[in-house]
Amino acid sequence: MAAGVAAAQAGVAADAATARPVVLRDAGAVLAAMTSGLDTTVPNMARVYNYWLGGKDHFAADRAEADRLVVLYPPLPALVRENRAFLIKAAGWAARQGIGQFIDLGAGLPVSPAIHQAARAVLPAARIAYVDIDPVVLSHARALLATSDGVTAVGADLRDPAAVLGHADLRAVIDPARPVCVILGAVLHFLDPDAARAVTAGYVSLLAPGSCLILSCARFENEELAKQLAAEYTAATWHNHSPADIAGFFGGLELAGPGVTEARTWPRWPPEADDRNGHVLAGVGRVLRMCSRHAHEDRRCLIAGPTMSAG
């Protein structure tokens, strides 16, 4: 965990299924409860997400929080499923571009199909590192995912790109000197816009030419609804990034296909019309070649090229 970061959650509810727990949140932090034991009375963002996906790794407090949010905005589970489908589709697209290494940041609890399954359906030798700081997520990942050669689970804070890419467990399967697909699926809305831009820029500056970034964020058009959802979501601090902010997270990258669009229709454009207030905005960007051998060793000088096909 980054220096100076405290535990993101604390407090116990008398009855987690009906009463809201007291939670202390580190503003903008993508954190889970880091306690000596598992506290099932405090909602956890990985378990809330798992519940919306239809998984089984959640407790009463997680279900109560998830259901309370669905009352405010009933399509939330559909948005979560659309996000997951996008990540699987985009991982397969990256593998078809010849990228054989994947880093799933803020990976969350294992679901099927997993990222390594999507990648290996195209490139059987693809190598994958699942990165998270939630000890429960890591224990599940190590038991269920990191069971074969070339798949590992890494305990690291995604907000520190240099530490993540330099982690010994990650480097056991990933070579950052070669093209890598970095995935930030539905995690940057837990950081404020400046912090989110700094995170993506940090990874872009350290990735080899030919690498790519897969990114998705929730977005609500109605700011009042967004404020209500953020207030009710106690598992973490959530930010309603603007479309311009989300596009800005791809700074310095060449966007594939239509650019930033609806996760549920990527890579098609235009997206299907509907009257929903909530969306998952998503895209894939690629790191282009360095323009100078004298560039700083930790910076990439990017040269624009023709628009890539997303097919």
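## Helix H8 and its surroundings in a predicted model

Helix H8 has 14 residues (residues 193-206), which at 1.5 Å a residue should span 20 Å, and the distance of 20 Å between its end C-alpha atoms agrees with this; the expected span is 1.5 Å times one less than the number of residues. Helices (H or I, at least four residues) and strands (E, at least two) are DSSP runs, numbered from the N terminus.

This is a predicted model, in which local features need pLDDT of at least 70 and side-chain atom pairs count only at pLDDT 80 or more, while totals for chains, interfaces and linings use all residues. Residues are numbered from 1 along each chain as its sequence is written, and side-chain values use heavy atoms, with hydrogens and water left out.

Among the buried residues of H8 (buried: under 20% relative accessible area, 1.4 Å probe, protein chains only) are Ala-196, Val-199 and Tyr-203. The buried residues of H8 pack against strand S1, helix H6, strand S4 and strand S5. At the N-terminal end of H8, Asp-192 acts as a cap, with a side-chain oxygen 3.1 Å from the backbone nitrogen of Asp-194.

Arg-47, found in helix H1 (residues 45-53), counts as buried because its relative accessibility is 5%. Beyond its neighbours within four places in sequence, Arg-47 is in contact (heavy atoms within 4.5 Å) with residues including Asp-57, Asp-62 and Leu-109.

The mean pLDDT (the predictor's confidence in each residue, from 0 to 100) of the protein chain is 82, and 79% of its residues reach 70 or more. Two stretches have low values:

| Stretch | pLDDT | Contacts beyond near neighbours in sequence |
|---|---|---|
| Residues 1-36 | under 50 | 86 contacts, beyond four places |
| Residues 291-311 | below 50 | 42 contacts |

Note on methods:
Buried means under 20% relative accessible area, exposed over 50%, partly exposed in between (1.4 Å probe, protein chains only). A polar contact is a pair of N or O atoms within 3.5 Å; within protein, one must be able to donate a hydrogen and the other to accept it, and residues adjacent in sequence count only if both atoms are side-chain atoms.
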